[in-house]
Amino acid sequence: MMTSPLLRPSLHHFLSLRLLGTAGTAAPRTGERLAVAPSQGFAADALHAALTFEDPSAFRVKSFGELLRALGVFQLCSVPVLVNNCGKLMSVARTLLGKRGFALLMRPSVYAQFVAGESEGEITHSMEKMSTLGLRPMLAVPIEEDLGESTGERRYNDNLASMLECVDMSHSNAWSKDPMMQLKITALLSPELCVKLTTLLSEQQYDLDLLVRAMDGEPISFPGLQESENTHFLCGLQRLNKVGETSANKVRVLVDAEYTYMNPALSLVTMAMMKKFNQDGAWIWNTYQCYLKESRSLLLEAVRLSISESFCLGVKLVRGAYMDKERKLANSEGWSEPVHESWEHTNDSYNGSLDILLELISRDPQRYRIIVATHNEESVRRAVQRMGELGIDKDGGSVCFGQLLGMCDHVSLTLAQQGYLVYKSVPYGSVDSTLPYLVRRAQENRTVLQGIRKERDLLRLELHRRLRQGLRQGS
């Protein structure tokens, strides 16, 4: 796959050999005890016990109906044929039941499990409940495009209005002390242009200052683009600039990574936004997909760039969700596969990148921030362990954790109960508007969905406890 010269690895002059050496550190083995000082005593034992994530009491904050709904939805999600064909099945159901009937079926089940609501009142109710549990919302407008789905300038301007509403909703409500939201650049800039930019970036470098000037409204002519493409790029950069201006110093904007055939362009634009808006804090963040072989070098180059261009760096660290599509595309095009050969290699990649960021944060917590966006319990334990070893405050704001709404609550709730900062990725909107988003997330995360046996078992234990308790009280 093509990589921008802007993103070539060359960090040795900026990071010490000790820091680079942490990249290959192996993850702690399952069951390994967290390293803590003897003086921490009982608190350390309690923390270690909690971070086995095997206590169903984390679910005591959920209502009986919420337990039943989660169990039912997770049972469906554990059936591969349903997850793999969920888009087709939902389309058939919508045709047979009609729009109203389909909404009545979805709202109390899958929609209620994974979506905050449609109206501001529904969203507010969901967010206030989340806040009482010690969790923070990270709102996500369910808008994105892939190749062949571009809808024209007017649609992108409509998407911008939705993004600005999301900024306002995130900031104007008292749900979170430090609000975050997610942004997909392909909601504001066509995927086709992003692919062309990625191709161009493999041959020539675009200066960040050029993009910043274009964001400010200067009529820049970018080399390699046709007039219509250049015009659309300028419009897209100005839309992104509007998001940056509206959110700066109020809401942290986490830019999602997408497919490797457009990621270099997305990173270029995101770095330009960082240069403009991250001078005094990390308000624009980029996402790094650790299932990609080049993820470590991309992360190190981002650190180098943040130093040379004098901006703060915010990182959303994920394993990645497009593995199957990336492999199929590489095979069909005759490219080498961009993703790691095995789950173990991906884990090593994730944990090594995590170590690099945590080391940087321990040295300068104002300049670097990370959201450990994972459902993997070992990576969560590793992050907690390293935070303790490096003296990073659990509530200082430089390190937080993230999971999807409706999933991995046994991890999210346990972390929150232990005082760590935890965000849940929260899509919102109507059943129709969120359906394509939910289908894509289900297909991208089907390995996770099919592996939620532990959470399902913990939900059953809590349900059985309540039933026994009810029987005792009734006797």
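Let me start at one helix contact in this predicted model, where Leu208, Asp209, Leu211, Val212 and Met215 of helix 9 meet Leu268, Val269, Met271, Ala272, Met273, Lys275 and Lys276 of helix 11. If we sort the residues of that contact by character, they divide into 9 nonpolar, no polar and 3 charged. As for the geometry, the axes of helix 9, which covers residues 208–215, and of helix 11 come within 9 Å and cross at roughly 75°. Because angles of 65 to 115 degrees count as roughly perpendicular, helix 9 is described as roughly perpendicular to helix 11.

I would like to stay with Leu211 for a moment, since this residue takes us from the helix pair into the interior. Setting aside neighbours within four places in sequence, Leu211 is in contact with Tyr206, Phe222, Phe233, Leu237, Leu268, Val269 and Ala272. Leu211 is also one of the residues with the most contacts inside the largest nonpolar core, a core of 134 residues, and it shares that listing with Tyr206, Phe222, Phe233, Ile370, Phe401 and Leu415. Apart from this core lies another one, of 10 residues, which includes Met138, Met180, Cys312 and Cys400.

Helix 11 comes up again when we turn to helix 8, residues 191–201, in which Pro191, Leu193, Cys194, Leu197, Thr198, Leu200 and Leu201 are buried. The buried residues of helix 8 pack against helix 11, residues 263–277, and likewise against helix 7, residues 153–172, and helix 10, residues 227–247.

Now let me move along the chain to Leu415, which I named a moment ago among the residues with the most contacts in the largest core. In helix 16, Leu415 together with His410 and Val411 meets Glu377, Val380 and Val384 of helix 15. The residues of this contact divide into 4 nonpolar, 1 polar and 1 charged. Here the axes of helix 15, residues 377–390, and helix 16, residues 409–417, come within 11 Å and cross at roughly 15°, an angle that makes helix 15 roughly parallel to helix 16. The crossing of helix 15 past helix 16 is right-handed.

Finally, a word on the chain as a whole, in which there are 19 helices and 8 strands. Of its 475 residues, 56% count as buried. How far apart in sequence are the residues that these contacts join? Among contacts between residues at least 6 apart in sequence, 80% join residues that are at least 24 apart.

Conventions: Residues are numbered from 1 along each chain as its sequence is written. This is a predicted model: local features need pLDDT of at least 70, side-chain atom pairs count only at pLDDT 80 or more; totals for chains, interfaces and linings use all residues. Side-chain values use heavy atoms; hydrogens and water are left out. A nonpolar core is a set of buried Ala, Val, Leu, Ile, Met, Phe, Trp, Tyr and Cys residues joined through side-chain atoms within 4.5 Å. Buried means under 20% relative accessible area, exposed over 50%, partly exposed in between (1.4 Å probe, protein chains only). Contact means heavy atoms within 4.5 Å. Axes are lines fitted to C-alpha atoms, for helices over the stretch in contact, and angles run from 0 to 180 degrees between N-to-C directions. Helices (H or I, at least four residues) and strands (E, at least two) are DSSP runs, numbered from the N terminus. Angles under 35 degrees count as roughly parallel, over 145 as roughly antiparallel, 65 to 115 as roughly perpendicular and the rest as oblique. A crossing is left-handed if the near helix is turned anticlockwise from the far one by less than a right angle, and right-handed if clockwise. Ala, Val, Leu, Ile, Met, Phe, Trp, Tyr, Cys and Pro count as nonpolar, Asp, Glu, Lys and Arg as charged, and the others, Gly among them, as polar.
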